[in-house]
Every structure is written in structure tokens, then in C-alpha cells.
Amino acid sequence: MLRIGLTGGIGAGKSTVSAMLVDHGAVLVDADKIAREVVEPGQPLLERLAETFGAEVLLPDGSLNRPALASAAFVDSDRTAQLNGLMHPAIRDRTAEHFASHADAEIVVHDVPLLVENSMTPAYHLNLLVDVPAEVRLRRLMDSRGMGRDDAAARISRQADDETRRAACDVIIDNSGSVAETKAAVGHLIESRIRPFAANLTAGRRAPRTVLDLVDPADADWAGDAQRVVAKLRHGTSDEFTVEHIGSTSVPGLPAKDVIDLQLLVPDLIAARELEPRLAELGYPGTEMSDHLGEGGTEPKWFHANTDPGRAVNLHVRTADSVGAHFARAFRDLLTEDAGERERYLQVKRELAAEAKAAGVTDAQMTRTYAESKELYFLEMRRRLVPDSFD
């Protein structure tokens, strides 16, 4: 399934957006609803709460007395930790049950108010932020929920700020306008990205790509995009492997095609082969390929490309001691530190891209021709940066 995390600050209208996603066929798993489920009468957690914090946390009818629990649990950090130690495992297990019950669903949306605050975003293929500026949310809380200004402001301040949420999420849904505008934005997102993403993931195929022109780095957030992708890959592989941002988008100030290149380092090719099914589940189907080292030399690796049509990513799985891994890192560092070489490489890229376009080749041919035409330059750089590989 395509796992989507959905979040937004209090008063942002997250429930409105989640309902729209459900209308488009997504299955919803609601974190707030689960938090209420696990403390309903008859649930084991409720009995444990009474044992830990006293019988006064129960109402006469046996249901949870929330104000009493808050008074008992939030008196100091130790008592709060006790509460979290009981609540979090119960919520985690119940959430897993909900996901398991929808194992055949194509798209599952997990609505989590504290998705960012609890550092949960790496667990999802895609994270959506319902975005409304804090001042607008403040007015909404006062108008629609009757909160006083100080109370509303305090609740907002206890959550992540707007910039932190935006940096952590892949897609921002502006909900500061009309319902019709938000509905149109959600519909476009579903048709242009989410539904194709889910279909590609199910089929185990890479998202198709059109010809990519060089993009000014000022118009992109490659560092942020790479950071989010790396976090997902590391989480999805249990933090077992090093994942590095390489290629042109890793070099500050260098215009590049809008593709994030990463390399994941494994101890050997057996590990790379065994890792392929897991990477495919994460949205990175792959195949065994080779790095061309020049002068007829090759070096085996695995190459993966993602299923998300909204963010192009190439993932090179290389052995940690390979020439390819060493060169990718050294070349990135050279371009970062050497402005002259950075400008020279940019000129090479511009000339080759122009030549490929002028030849009138297809998109696939242009991509292949562009890559192959850079090999002479890369051979020169390999001789300079990894000379031992030519001995």
C-alpha cells in the first residue's frame, strides 16, 4: 500500500482534507480516534491507568475521567513519562492493527496531529501538510471553537512551528482559502501524484520521466528533498546502511536536472541483491547494473529509481569500497570546493544538453545520450580523483 502521513497544526482544517482524500478512495486511519479507542471501558489500558494513577481517573460509569488523569499525570516529568509509557505502546499496537486490517488497500492515509513533533515522517511514502499560517489558525480557533486568544495561542505554541512542519513534509496543501480551492488542490494532487504513485508502487515500476532541463538551484529545495528521502530510506532499512546525497543536486549553487541522486553503501553485492525487495516496498524498484569506469572498465552495482512521479530520485547501491562510491563522493566534494571546476562542469553539461536537444532525439534517447556524452569528462575526473583504480 501507499502509506501517507497527514498532519497540520491545530485549527488548520486537517479533518476537512482527510475527508476529501477519503472521497477519492483513500482509507483513513485516525490517530485521535485510536487514542480514544484504547481508553474506552473494557480496554486493558484503562485498567492500567487506574492502577498507576488511582481510581479517581475513572468516572462512576467506568469511563476515563480525562481532567483527573491530566491532573495526576502532568504533575512532573516522571509521572508524564509513566503516562507516555502506557499510552504510546497501546496506540502503536492498535495503529498496527488498523493498518493490517487494510492490507489490501491501495492508499492509506494516517492522520496524525503530532506527526512532525514525534519524528514520524520517515515511516511514510509521502507526507502531506495541511498548511494555514498560525495567525489564521488562531483566528479560526477563536471564531469556530470559542477559545480565548491566550488559550488558542498557548495550544498553537505547544506544537511545531510552521517552518518546521513545512521542512518535514513532502507536499503542502494550502487550506487558507475557500473549501472549493482546497478541494481542487486535493483533487489535482490525487490525480497527478498520489494515484500514479500508488499504481507504480503496486506494479513495481519506476515513474516515467520527461526530458529534464537544467534548473537554477534557487528554484529548488534539493537539500531538503534529499534529507527527507534519506530519512525514509534509513528508516526503511533499519538504519543499517549509509545513504549519501551525491550528484549535481548535492553541490550548492550548481544548476542541475531536477533529480536527486543518492548512493546507499553495502558491504557486498549479495547484500545489495537481498536489499532489492525492501527498497521496492519503499518505492525504489531496482535492477543490477554497472558503473562505467572508462577505458572499457566496469564495476557492478544496483540501480534503483523511485515510483513517485512528483520527485525524481536515482538510488545507486554500491559496495562501500567501490571505485564508484569513492568517485561519487570525491567528485561532489571537488565541485563544492572548487568554483572553477564547478563552472567548467556546468559548461560541459550545458553544451551536451543543447547538442542532445538539437539532435531531435526522443526523451529516453536524450537522457541516455546526455549521460554517455559526459563519460570523457568523467574519465578525466576519475583519473584525477581515484588514480589508484587505473593501476
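Two residues are in contact here when they have heavy atoms within 4.5 Å of each other. Keep that in mind as you look around this model, which is a predicted one. We'll start with one arginine, then move on to a sheet, a pair of helices and the nonpolar cores.

**Starting with R94**
- You'll find R94 in helix α5.
- Is R94 buried or exposed? Its relative accessibility is 17%, and buried means under 20%, so R94 counts as buried.
- Leaving out residues up to four places away in sequence, R94 touches I34, E37, V38 and Q43.
- Take E37 from that list: R94 and E37 are 57 residues apart along the chain, yet their C-alpha atoms are separated by 8.6 Å.

**The same helix meets α4**
- Helix α5 (residues 77-101) also pairs up with helix α4 (residues 66-73): their axes come within 8 Å and cross at roughly 130°.
- Angles over 145 degrees would count as roughly antiparallel and 65 to 115 as roughly perpendicular, so α4 and α5 are oblique to each other.
- On the α4 side the contact uses L69, A72 and A73, while α5 brings R79, T80 and L83.
- Sorted by type, the residues of this contact are four nonpolar, one polar and one charged.

**The five-stranded sheet**
- Strands of a sheet pair through backbone hydrogen bonds, either parallel or antiparallel.
- In what order do the five strands of the open sheet run? Reading across, it goes β2-β3-β1-β4-β5, and the pairing is parallel.
- At the edges stand β2 (27-30) and β5 (171-174); each has a single partner strand, so one side of each has no neighbour in the sheet.
- Ignoring direction, neighbouring strands are turned by 25° against each other on average.
- Zoom in on one edge: β2 pairs with β3 (residues 107-111) in the parallel sense over four bridges, and D30 stands opposite D111 in β3.

**The nonpolar cores**
- In soluble globular proteins, nonpolar side chains tend to be buried together.
- The largest nonpolar core has 24 residues, and those touching the most other members are L2, I4, L21, I107, L128 and I194.
- Several sheet strands feed this core: β1 (2-7), β3, β4 (126-131) and β5 each give two or more residues, as do helices α1 (14-23) and α9 (179-203).
- Which element gives the most to this core? That's α9, with seven residues.
- For a close-up, try L128: among the residues it touches are I4, L6, L21, V171, I173, L189 and I194, not counting residues up to four places away in sequence.
- There's also a second, separate core of 22 residues, including W222, I260, V266 and W302.

Definitions and conventions:
Residues are numbered from 1 along each chain as its sequence is written. This is a predicted model: local features need pLDDT of at least 70, side-chain atom pairs count only at pLDDT 80 or more; totals for chains, interfaces and linings use all residues. Side-chain values use heavy atoms; hydrogens and water are left out. Axes are lines fitted to C-alpha atoms, for helices over the stretch in contact, and angles run from 0 to 180 degrees between N-to-C directions. Angles under 35 degrees count as roughly parallel, over 145 as roughly antiparallel, 65 to 115 as roughly perpendicular and the rest as oblique. Ala, Val, Leu, Ile, Met, Phe, Trp, Tyr, Cys and Pro count as nonpolar, Asp, Glu, Lys and Arg as charged, and the others, Gly among them, as polar. Two strands pair if DSSP finds at least two bridges between them. Buried means under 20% relative accessible area, exposed over 50%, partly exposed in between (1.4 Å probe, protein chains only). A nonpolar core is a set of buried Ala, Val, Leu, Ile, Met, Phe, Trp, Tyr and Cys residues joined through side-chain atoms within 4.5 Å.
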